[in-house]
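Trainee: Could we go through this structure together, one question at a time? I would like to see how each answer is reasoned out.

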Amino acid sequence: MDIDVRGPRFGAAVTTVVLAAVLVTGSGLLLAWQALCFAVGAVAGVPRSPYGLLFRAVVRPRIGPPAEFESPAPPRFAQVVGLGFALAGLIGCLWGPSWPAMAATGCALAAAFLNAVFGYCLGCELYLLFRRATTARH
């Protein structure tokens with residue numbers, strides 16, 4: 001079942017704010033929260049992630065029904081990629097040095113920002129490249 005394209009973008013906007021706060025404060029706890037959000041999105045799907053649930057309960061009723069839909073697979077893969085960066089950041093926070101944690105968080109922030117502001121999902125594009133590479137006939 002396809003998903004409302006606005007949901008993942010909303011999630012990316014919230015993620016952008018959370019990851020920016022992580023960079024400003026250096027909060028490992030906040031980064032752990034974001035990693036948990038990515039994990040739920042990766043396992044259960046973007047609509048069932050905390051930000052997806054918030055979108056469906058609060059935002060979507062106020063902005064009306066969707067005009068566009070997308071496959072849930074690319075955004076779900078993007079959550080896996082985000083989770084990888086968040087976990088790398090957490091490892092850096094826990095065992096130092098802190099610069100790899102901030103670099104990983106900054107990469108995830110850049111990807112979330114691109115999706116939130118421009119609708120360009122790097123994780124989704126990686127998914128499409130991966131699919132092409134694994135289904136290509138030689």
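Mentor: Let us begin inside the fold, keeping in mind that this is a predicted model. Glutamine 34 is buried, since its relative accessible area is 0%.

Trainee: In which helix does glutamine 34 lie, and which residues does glutamine 34 touch?

Mentor: Being buried at a relative accessible area of 0%, glutamine 34 is a residue whose surroundings deserve a look. Its place is in helix 2. Setting aside residues up to four places away in sequence, the residues that glutamine 34 touches are Thr15, Val18, Leu19 and Tyr51.

Trainee: Which residues of helix 1 are buried, and what covers them?

Mentor: In helix 1 the buried residues are Gly7, Pro8, Gly11, Ala12, Thr15, Thr16, Val18, Leu19 and Val22, and Thr15, Val18 and Leu19 are also touched by glutamine 34. The cover over the buried residues of helix 1 includes strand 1, helix 2, helix 3, strand 2 (69-70), helix 4 (73-95) and helix 5.

Trainee: How far does helix 1 reach, and what follows it?

Mentor: Helix 1 has 20 residues, for which a span of 28 Å is expected at 1.5 Å a residue, and the reach from its first C-alpha to its last is close to that, at 29 Å. Just after helix 1 comes glycine 26, whose phi is positive, at about 70°.

Trainee: Is alanine 112 buried or exposed, and which residues is it in contact with?

Mentor: Alanine 112 lies in helix 5 and has a relative accessible area of 8%, so it counts as buried, the cut-off being under 20%. Its C-alpha atom is separated by 8.7 Å from that of valine 14, although the two residues are 98 residues apart along the chain. Leaving aside neighbours within four places in sequence, alanine 112 is in contact with Ala12, Thr15 and Thr16.

Trainee: What does asparagine 115 touch, and how far is it in space from glutamate 125?

Mentor: Asparagine 115 also belongs to helix 5 and counts as buried at 12% relative accessibility. Not counting residues up to four places away in sequence, asparagine 115 touches Pro8, Arg9, Ala12, Tyr120 and Cys121. Glutamate 125, by contrast, is partly exposed with a relative accessible area of 32%, and its place is in helix 6. Glutamate 125 and asparagine 115 are 10 residues apart in sequence, and from C-alpha to C-alpha their separation in space is 11 Å.

Trainee: Which residues form the nonpolar patch on the surface, and which helix gives the largest share?

Mentor: The patch is formed by Phe113, Val117, Phe118, Tyr120 and Leu122, which together have about 480 Å² of accessible area. Tyrosine 120 sits in the loop between helix 5 and helix 6 (122-135), and this residue is partly exposed, with a relative accessible area of 39%. The largest share of the patch, 3 residues, comes from helix 5.

Trainee: How many salt bridges are there, and which residues do they join into one network?

Mentor: The count comes to 2 salt bridges. In one of them aspartate 4, buried at 7% relative accessibility, pairs with arginine 6, with the closest N and O atoms 2.8 Å apart. Arginine 60 forms a salt bridge with aspartate 4, where the closest N and O atoms are 3.7 Å apart. Salt bridges that share partners thus join into one network the residues Asp4, Arg6 and Arg60.

Trainee: Why does the pair of arginine 60 and aspartate 4 tie together parts that are apart in sequence?

Mentor: Arginine 60 forms a salt bridge with aspartate 4. Because arginine 60 lies in helix 3 and aspartate 4 in strand 1, the pair ties together parts whose distance in sequence is 56 residues.

Trainee: Where does helix 3 bend, and which of its residues are buried?

Mentor: Helix 3 has 14 residues and reaches 19 Å from its first C-alpha to its last, which is close to the 20 Å expected at 1.5 Å a residue. The bend, of about 40°, is at arginine 56. The buried residues of helix 3 pack against strand 1 (3-4), helix 1 (6-25) and helix 2 (28-44), and these buried residues are Tyr51, Gly52 and Phe55.

Conventions: Residues are numbered from 1 along each chain as its sequence is written. This is a predicted model: local features need pLDDT of at least 70, side-chain atom pairs count only at pLDDT 80 or more; totals for chains, interfaces and linings use all residues. Side-chain values use heavy atoms; hydrogens and water are left out. Helices (H or I, at least four residues) and strands (E, at least two) are DSSP runs, numbered from the N terminus. The expected span of a helix is 1.5 Å times one less than its number of residues. The bend at a residue is the angle between axes fitted to the seven residues ending there and the seven starting there. Buried means under 20% relative accessible area, exposed over 50%, partly exposed in between (1.4 Å probe, protein chains only). Contact means heavy atoms within 4.5 Å. Patches are made of residues with over 30% relative accessible area and no salt bridge: like charges are joined within 9 Å, nonpolar side chains (Val, Leu, Ile, Met, Phe, Trp, Tyr) within 5 Å. Accessible areas come from the Shrake-Rupley method with a 1.4 Å probe; for residues, only the protein chains shown count as cover. A salt bridge is a side-chain nitrogen of Lys or Arg within 4 Å of a carboxyl oxygen of Asp or Glu.
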